[in-house]
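Thanks for sending this one over. Here are my comments, set out as numbered points so that you can follow them beside the viewer.

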Amino acid sequence: MPYIKTTWIAGNTIEVAKTYSARYGKKIARGPNQNKTPEAVKRYNAQIAERELRLLINENFGHRDYYITFTYRRGERPDPETARKQIDKFIRTLRRVYQKAGVEFRWIVVTEYKRKAIHHHLIINRYHIGEIVDLWPYGYPQIKLLDNTGDYARLAAYLIKETCSTFGEAGSPSKKRWRCSRNLRKPKVKKQVIHAEHWADDPKPVKGYQIVRDSVYMDVSPVTGFPYQWYRMIRPPDRKGAT
C-alpha cells in the first residue's frame with residue numbers, strides 16, 4: 001500500500017512527514033478509538049502548529065535577527081485587549097521606521113498573559129536595535145539574537161507552549177497562536193505518493209544535510225487513526241567567519 005510523503009524546504013532545514021491515506025486503500029489498521037481523546041487531539045494539533053511556526057521562522061529569519069520579549073512595568077500591566085492594541089501600534093511604528101530606512105520589515109508576534117505577567121514575544125529581521133527598544137514605552141525589552149544554525153525548533157516549541165493556556169479561550173484578544181506580517185515567505189512544499197509497503201524507521205538524510213537528533217517521531221494520529229512519521233534535516237552552517 002502506498003503512503004504519502006510531504007517535504008517542506010525552509011531556509012537551512014528540510015522537514016518530512018509520511019502518512020497513509022484512506023484514498024489509497026483500507027488495509028492499514030487504524031489506531032484504537034481510545035487514542036482519540038480530547039487531550040490527544042489537543043496535543044496533536046499543538047504539534048502541527050509547532051511545525052507550521054517552526055517552518056515559518058526557519059524560512060524567514062536567520063543569524064542575528066532579533067527575538068525580543070516586550071514586558072510591562074509592574075503596576076502598569078494592561079488587560080489583554082489593551083495589550084493587543086499597544087503591540088499593534090508598536091508594530092505599525094516599526095513598519096514606518098523600516099520603510100523610512102528602505103528596509104523590508106518582517107515580523108511574528110505571540111502574546112501570553114495567563115501563566116505569567118502579560119508580555120509579547122516578537123521576532124523581527126535585523127535593524128538598529130537601539131532605535132527599536134527605545135520605541136517601547138512600557139518596560140524594558142529583553143533582546144536575543146538568533147544563532148547561525150537556521151533551525152529554530154526550540155524557539156517555536158517554546159512559543160507554542162506559551163499559547164497553550166490561552167489559545168482559543170473565551171475573552172482572548174486573539175484567536176490565533178501567533179500573528180505575522182503578510183510578506184513572510186512560505187516554505188516550499190512537495191507531495192509524493194510512494195509505492196512501498198512501509199517507510200524506514202531510521203530515515204536517511206539527503207546529500208548535504210544531517211538528520212536532527214531526536215527529531216524522528218512516529219505515532220498514530222488521533223485525528224485520522226493512521227500511523228505517521230515526522231523528521232527534520234538541517235544543512236550544517238558555514239563556520240567560516242562565524243562568531
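1. What share of the contacts in the protein with a separation of 6 or more comes from residues 24 or more positions apart? The share is 75%. Please keep in mind throughout that this is a predicted model.

2. Some overall numbers to start with. The protein has 243 residues, and 46% of them are buried. Its secondary structure consists of four helices and eleven strands. The accessible surface amounts to about 14100 Å², and carbon and sulfur atoms hold 51% of that.

3. Strand E11 (227-234) is a good place to begin browsing. Seven of its eight residues are buried, so E11 is largely enclosed by the rest of the structure. With E2, E11 forms an antiparallel pairing over seven bridges, and there Val16 sits opposite Tyr231 of E11.

4. E11 also pairs with strand E10 (residues 217-220), in the antiparallel sense and over four bridges. Asp219 has Tyr228 in E11 as its bridge partner. Do look at the hairpin between E10 and E11: six residues separate the strands, and Gly225 adopts a positive phi near 85°.

5. A further antiparallel partner of E11 is strand E9 (residues 210-211), with two bridges between them. For Gln210, the bridge partner in E11 is Ile234.

6. Next, the open sheet. Which order do its five strands follow? They run E6-E3-E5-E4-E7, with antiparallel pairing. E6 and strand E7 (179-180) are the edge strands, each pairing on one side only. At the E7 end, strand E4 (residues 107-112) joins E7 through two bridges in the antiparallel sense, and Ile108 has Cys180 in E7 as its bridge partner.

7. On to the pockets. The largest pocket encloses about 860 Å³ of space. Of its 31 lining residues, those closest to the centre are Asp151, Ala153, Arg154, Val212 and Arg232. Several elements contribute at least two lining residues each: strand E2 (13-19), H1, strand E6 (142-145), helix H4 (153-163) and E11. By class, the lining has 16 nonpolar, three polar and twelve charged residues.

8. The second largest pocket has a volume of about 270 Å³. It is lined by 16 residues, and Ala17, Thr19, Tyr44, Arg51 and Trp230 are the closest to its centre. Strand E1 (3-10), E2, H1 and E11 each give two or more residues to this lining. Here the classes divide into nine nonpolar, four polar and three charged residues.

9. It may help to view the two pockets together. E2, H1 and E11 are among the elements that supply at least two residues to the lining of the largest pocket, and E2, H1 and E11 are also among those giving two or more to the lining of the second largest pocket.

10. Finally, a residue to click on: Glu52, in helix H1 (residues 38-60). Is Glu52 buried or partly exposed? Glu52 counts as partly exposed because its relative accessibility is 45%, a value between the 20% and 50% cut-offs. Its C-alpha atom is separated by 9.9 Å from that of Lys186, although the two residues are 134 residues apart along the chain.

Technical notes: Residues are numbered from 1 along each chain as its sequence is written. This is a predicted model: local features need pLDDT of at least 70, side-chain atom pairs count only at pLDDT 80 or more; totals for chains, interfaces and linings use all residues. Side-chain values use heavy atoms; hydrogens and water are left out. Buried means under 20% relative accessible area, exposed over 50%, partly exposed in between (1.4 Å probe, protein chains only). Contact means heavy atoms within 4.5 Å. Accessible areas come from the Shrake-Rupley method with a 1.4 Å probe; for residues, only the protein chains shown count as cover. On a 1 Å grid over the protein atoms alone, a cavity is a set of points where a 1.4 Å probe fits but cannot get out, and a pocket is an open set with protein on both sides within 12 Å along at least five of seven lines; lining residues have an atom within 4 Å of a point. Grid points are joined across faces, edges and corners, and a volume is the space filled by probe spheres set on the points. Ala, Val, Leu, Ile, Met, Phe, Trp, Tyr, Cys and Pro count as nonpolar, Asp, Glu, Lys and Arg as charged, and the others, Gly among them, as polar. Two strands pair if DSSP finds at least two bridges between them.
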